[in-house]
Amino acid sequence: MDTKISLANKKKQNDASFQIFLATEKTTLSAKQYTKSEIEFYTAARKEKQSTILISKYPEQHLYLIFDKKEINDINGNNQSELLEEVRRLGAKTLEILKANKIKKAVFTNFTDNTNFIISFAEGLVLANYQFLKYKQKAKEAQTSFEELILNDSKITQAQCDELLAIVSAVNHTRNLVNEPHSTLNSVSISKEFQKLGKAYGFKVEVFNQTKIESLKMNGLLTVNKGSVNPPTFTVMEYKPKGAKNSKPIVLVGKGVVYDTGGYNIKVGTGMETMKCDMAGAAAVAGTMCAIAANKLEVHVIGLVPATDNFINQNAYVAGDIITYSNGKTAEILNTDAEGRLILADALIYAQKFNPELVIDLATLTGAAAAAIGKYGCVAMCNHKANLSLEMLEDLGNLCGDRVATFPFWEDYDELIKSDIAEIKNIGGPYGGAITAGKFLSNFVDYPWIHLDIAGPAFIESNWNYRPKGGTGYGVRLLYNFLK
Ligand code: BES
Ligand code: ZN
Ligand code: ZN
């Protein structure tokens, strides 16, 4: 169940006996509200530099969070990004305290002057309060989970709460899709999930079947799919509100490899066990469509998802095969595990049809991207026409916590993917693996384009601040803020 966020009123405040205060070093307790011994307790705790202080005032409990950063009240300061992220983390940490005390409802009051902290605190707390319980027989964890955060601040509006909740539930849809195993989420069922989301949130969803995909000559998708018992799908989502501010749409493309075994270049040893996450780009695109539709953003957006698994049978593609794309480009396959770029190429060609203002693709594309910067952010690159958009995306990434690191994209890298017998090859050797993957894709775009390699942040193997282990929903908040 999604956590509720609401605004405080008298009744709610009386019902909830747990109060959280975001305080600073300067905060002191008033003698009107607290007894002498409570004040002494607080002062002693502060002397010991404790940053979380729980005062028991039966039947109430008051939790003081001391946020002792410099420039805390500087709303427009340079370090705003770090502060907001810190507050989100504080939200997640507070959730742990609430769960340990079996608290279901709490009131939050901000004693700092930075009003941005209220939403960020709620965001961190609510994002952390996600669990994937579908396959737990007894949803015990659910019983201990926190239910409602009540914001006690007249500067916050109900609309802000609703916006945040819609974003968080979109992030959670993305997490659910990523966490769903391949046995229940294949190329066909993922397209059905997109249709369900489209119905629920009010965006159009059209799914192309194998015959249609063949007629469109999406040969990358068809080639990767050759070793599968499930047909490929290609999903087109569209959100086009009446008041859309853009005349040319923004197109989002998501890698939808529902499971990546590596194909005949099979993943050996470790590395395959998390490969249900190889559709995280697709899930982030769908989640973003939900977030923008729920919040009625005035922007025309199209989402494209090529979906297949990368499996092996007698028909499967092999190293040495050559794909001829519908735009005439030929690609030599030298490794069947570099399958993502092969199917994304078809989607990028198809995106041209919309005469897009900008195309952004999201893909768990390379281990090299994850190796370079870890789970801490995605690796981004773009063509010249999208330089400014990527700068903006990077700034927004810092502000919202879905961080973006821009990599070089010099022309020189093109030589690494030249093929002897076709135009390009699908691997580029040991160096710059995330970039050569991006270079492969750049052969299929002639519009402003940004590539986000999310292999690092999309899926994590242990809890990390406000991101529970598993699918993180990376990209949804980033794209939402960008589109907004
Ligand atoms: N899906 C993987 C990339 C990946 C790795 C995603 C780790 C998430 C976590 C991708 O299809 C892949 O296997 N890439 C190869 C490319 C190589 C063969 C050029 C890789 O990174 O090893
Ligand atoms: Zn692969
Ligand atoms: Zn893959």
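User: Which residues come nearest to ligand 1?

Analyst: K267, D278, D337, E339 and G367 come nearest, out of 15 residues around ligand 1; to count as near, a residue needs a heavy atom within 4 Å of the ligand. Bear in mind that this is a predicted model, where local features need pLDDT of at least 70 and side-chain atom pairs count only at pLDDT 80 or more, while totals for chains, interfaces and linings use all residues. As for bookkeeping, residues are numbered from 1 along each chain as its sequence is written, chains are lettered from A and ligands numbered from 1 in the order in which they are written, and side-chain values use heavy atoms, leaving out hydrogens and water.

User: What makes K267 a polar contact of ligand 1?

Analyst: A side-chain N or O atom of K267 sits 2.7 Å from an oxygen atom of the ligand. The limit is a pair of N or O atoms within 3.5 Å (within protein, one must be able to donate a hydrogen and the other to accept it, and residues adjacent in sequence count only if both atoms are side-chain atoms), so the pair qualifies. D337 also puts a polar side-chain atom 2.7 Å from a ligand oxygen. L365 joins in through a backbone N or O atom, 3.4 Å from a nitrogen of ligand 1. Overall, the protein covers 77% of the 520 Å² of accessible area that the ligand has on its own (Shrake-Rupley, 1.4 Å probe; for residues, only the protein chains shown count as cover).

User: How many residues of each class does the shell around ligand 1 have?

Analyst: Seven charged, four polar and four nonpolar.

User: Why is T233 called buried?

Analyst: Its relative accessibility is 5%, and buried means under 20%, exposed over 50%, partly exposed in between (1.4 Å probe, protein chains only). T233 therefore falls in the buried class. The residue lies in strand β8 (residues 233-239), a DSSP run of E with at least two residues; helices are H or I runs of at least four, and both are numbered from the N terminus. Its side chain reaches the backbone oxygen of S187 at 2.8 Å. Beyond residues up to four places away in sequence, T233 touches several others, including V207, F208, V305 and P306; contact means heavy atoms within 4.5 Å.

User: Why does K385 count as exposed?

Analyst: At 55%, K385 is over the 50% line, so exposed is the right label. K385 lies in the loop between β15 (378-382) and α13 (387-400). Not counting neighbours within four places in sequence, K385 is in contact with D446, Y447 and P448, and its side chain reaches the backbone oxygen of D446 at 3.2 Å.

User: What makes E193 partly exposed?

Analyst: Its relative accessible area is 27%, so E193 lands between the two cut-offs. E193 is found in helix α7 (residues 187-201). Leaving aside neighbours within four places in sequence, it is in contact with L177 and L185.

User: Why is helix α15 called largely enclosed?

Analyst: Seven of its eight residues (476-483) are buried, so the rest of the structure largely encloses helix α15. The buried ones are V476, R477, L478, L479, Y480, F482 and L483.

User: How many residues of domain 1 are in contact with domain 2?

Analyst: 13 residues of domain 1 contact 13 of domain 2. The domains run over 4-156 and 181-483 respectively, with bounds from an automatic or database domain assignment. Their C-alpha centres are 38 Å apart.

Key
Nonpolar A, V, L, I, M, F, W, Y, C, P; charged D, E, K, R; others polar.
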